[in-house]
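Trainee: Could you take me through the salt bridges in this model, slowly and with the surroundings included? I would like one connected walk rather than a list.

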Amino acid sequence: MELFIDGLAAIASPETLVLMILGTIVGIIFGSVPGLTAVTGIALFLPVTYSLGPIKGMALLIAIYIGAVSGGLIAAILINIPGTPASVATCFDGSPLARKGQAYKALGVGTVFSFLGTIFGILVLVFVSPIIADFALKFGPAEYFAVAIFSLTLISSLSGKSLVKGLISAALGIVFVTVGAAPIDAVDRYTFGFSGMRGGFDILTVLVGLYAISEILSTAANKKQLIAGSGQVMQFKGKGFGFTLKEFLSQKVNFLIAALIGVGIGILPGIGGATSNILAYSVIKNKSKYPEKFGTGIIDGVVASETANNATIGGAMVPLLTLGIPGDAATAMLLGGLIVHGVQPGPLLFTSHPDVVYSIFASMCVASVMMIVIQMFGLRLFAKVLKVPKYYLMPIIIVLCIIGAFALNNRMFDCWSIIFFGLVGYAMGKLDIPLPPMIMSFVLGETVETNLRRALMYSNNDPSIFITSPISCVFLVMAAISIVLTVRKQLKDRKAAANS
C-alpha cells in the first residue's frame with residue numbers, strides 16, 4: 001500500500017494529470033471510431049513519450065489504452081458498429097436497446113460496467129499477479145488449443161434459432177482465417193497469386209466490413225431509414241447513469257462471471273478482449289433464465305461484454321509486467337514503451353523499478369476514473385449522434401472506416417477487404433445467417449491451428465499430449481460436455497416445437 005501511495009504521488013503532478021486527461025479523451029475517440037483502436041492510438045503517441053520519462057510516458061499510454069477499450073461501446077451502441085474488436089458483443093444488445101429508445105441507458109450501463117470491469121482487473125493485477133502468472137506459465141500449445149476448442153463449442157449459443165445457419169457462419173469464419181501464409185511453415189493458402197493476400201485478412205478489416213459496411217448497405221437499401229434521422233424515433237432522456245439501483249444489483253452475478261472471464265482471457269497471452277467479450281456474452285447467455293431475450297436489447301448482454309473486455313486490461317498487464325510477455329496487441333505496444341525507457345519487464349521488475357510498476361498501477365486507477373467521468377459528461381453528446389440524418393452520417397463513417405483500414409498496415413488491400421466483407425455481411429443478413437459465430441471462429445481459428453500444430457510438433461505427432469496434460473484434458477472434457485448439452489437442448493427444443 002505504501003508503494004501504491006508513492007505511485008499515486010508520482011503521477012499527481014499537474015503535467016502528468018493533463019497528459020492523462022488528454023490520453024483518455026484520445027483513447028475514447030480512437031475506440032469509438034471504427035477501425036481505429038487502442039493499438040493505433042498507442043502506436044501514434046509512443047514517439048511523444050520519448051522525452052517524457054517512463055512514469056509520465058507510461059501514464060499517457062495507459063490512459064489511451066483504457067479510454068480506447070471503453071470507447072468502443074459508443075459506436076457499438078449508437079450505430080451498431082464495434083469501435084474495437086473488444087466491443088463486438090456490445091452490438092448484440094446495446095444497439096437493440098438504443099433502437100428501443102434507451103440509448104442513454106445503454107451507454108450508461110456500458111460506461112459504468114466498463115469502469116467496474118477495469119477496476120476488477122486492476123485489483124487482480126495488483127494483488128494476485130504473481131500467483132496467476134505462475135499458473136499461466138503452465139500453459140503450453142496443448143492447453144491453448146483446448147481452451148480455444150472449448151470456446152468454439154459455445155458458438156451454438158450465438159447461432160440464433162437455426163443451429164445449421166450458425167454452423168455455416170462458423171465455417172465461413174474458418175475459411176477466411178485460413179487465407180494467407182500458414183502459421184509455422186508460411187505456406188501460401190488460397191492467395192490465388194495475389195501478393196496482398198499473403199498476409200491474410202486482418203481481424204479489424206473483417207469486423208469493420210461485417211458490421212460497419214454491411215450496416216451502411218442495409219441502411220442505404222431502406223430509403224425511409226436513410227432519409228430520417230434516428231433521433232426522431234428515439235428518446236434520450238435519463239438521469240444519472242440511466243438505470244436504477246435495482247437493475248444494477250440484478251447484474252452482480254453477471255458482472256462477476258464476466259469479470260473473471262475477462263481477467264482469465266487477458267492473462268493468457270495473445271488472446272485479448274476480442275475473444276473475452278464474445279466468450280463472456282456466450283457464457284452469460286447460456287446460464288441465463290431467459291436466453292431468448294438476448295439480442296433483443298437487454299442490459300445483461302451489455303454488462304457481459306463491457307465488463308469482460310475491460311477486465312481483460314488488468315489481466316493482460318499481468319504477464320506483461322511479471323513475465324515480459326504481452327497479453328494482447330495493445331500491451332505489446334506498452335512493452336515497447338517500457339523498453340524504450342530502459343525498463344525491462346519480467347520477474348525482476350518489481351524489485352529493480354518498483355516506482356515504475358506502482359505508478360503504472362496508480363495511473364490505471366486514475367485513468368479509469370477519468371474515463372467514467374469523461375464518458376458520463378459526454379453521454380448526452382454521444383446520444384445526439386443518433387439525431388444526425390443517416391445520409392450525412394453514413395458517408396463520414398465509410399471514410400473513417402477506409403482511413404482506419406489503411407492505417408492498419410498501410411496497404412490498399414485492407415481497404416478493399418472491408419468492402420468485400422461488407423458485401424459478405426450484407427448477404428448474410430439477407431439470408432438470415434448470424435454474424436457472431438463467424439466472428440468467434442475467425443478470432444479463434446488461428447489459435448486453434450497454430451497451437452494444434454505446435455503441440456503435435458512437441459510430441460512427435462502423438463495426439464495423447466492433449467489428454468496427458470491435466471489442464472488440456474479438463475478443457476476438452478468441458479468442451480465435450482458443452483457439445484452434449486447443446487445437442488440435448490436442440491433436441492428438446494425441436495420436440496417442444498413439434499408438440500406445439
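Mentor: Happy to; here is a walk through the salt bridges, followed by a helix contact, two loop residues and the model's confidence.

A word on the ground rules: this is a predicted model, in which local features need pLDDT of at least 70 and side-chain atom pairs count only at pLDDT 80 or more, while totals for chains, interfaces and linings use all residues. Residues are numbered from 1 along each chain as its sequence is written, and side-chain values use heavy atoms, with hydrogens and water left out.

Take a salt bridge to be a side-chain nitrogen of Lys or Arg within 4 Å of a carboxyl oxygen of Asp or Glu. By that rule there are seven salt bridges. One of them pairs Lys 105 with Glu 247, at 2.5 Å from N to O. This pair links distant parts of the chain, since Lys 105 sits in helix H6 (residues 103-136) and Glu 247 in helix H11 (residues 245-249), 142 residues apart. Helices (H or I, at least four residues) and strands (E, at least two) are DSSP runs, numbered from the N terminus. For accessibility, buried means under 20% relative accessible area, exposed over 50%, and partly exposed in between (1.4 Å probe, protein chains only). Lys 105 counts as buried because its relative accessibility is 15%, whereas Glu 247, at 23%, counts as partly exposed.

Next, look at Glu 449 and Arg 189, whose side chains also meet in a salt bridge, at 2.5 Å from N to O. Glu 449 belongs to helix H21 (residues 436-458) and Arg 189 to strand S2 (residues 188-189), so this pair ties together parts 260 residues apart in sequence. Both partners are buried: Glu 449 has a relative accessible area of 19%, and Arg 189 comes to 18%. Through salt bridges that share partners, Asp 185, Arg 189, Glu 449 and Arg 453 are joined into one network. A further salt bridge connects Asp 414 with Arg 411, their closest N and O atoms being 3.1 Å apart. Here Asp 414 is buried, at 0% relative accessibility.

For a contrast in chemistry, turn to helix H1 (residues 2-10) and helix H17 (residues 354-377), which pack at an angle of about 70 degrees with their axes 7 Å apart. Their contact (heavy atoms within 4.5 Å) includes Leu 3, Phe 4 and Leu 8 of H1, and Tyr 358, Phe 361 and Val 366 of H17. By class, this contact has ten nonpolar, two polar and no charged residues. In that scheme Ala, Val, Leu, Ile, Met, Phe, Trp, Tyr, Cys and Pro count as nonpolar, Asp, Glu, Lys and Arg as charged, and the others, Gly among them, as polar.

Two loop residues are also worth finding. Tyr 190, in the loop between S2 and helix H9 (203-221), has a positive phi near 55 degrees without being a glycine, and it is exposed at 51% relative accessibility. Asp 432 lies in the loop between helix H20 (412-430) and H21; its phi is about 60 degrees, again positive in a residue that is not a glycine.

Finally, confidence: pLDDT is the predictor's confidence in each residue, from 0 to 100. The chain averages 82, and 88% of the residues score at least 70.

Conventions:
Axes are lines fitted to C-alpha atoms, for helices over the stretch in contact, and angles run from 0 to 180 degrees between N-to-C directions.
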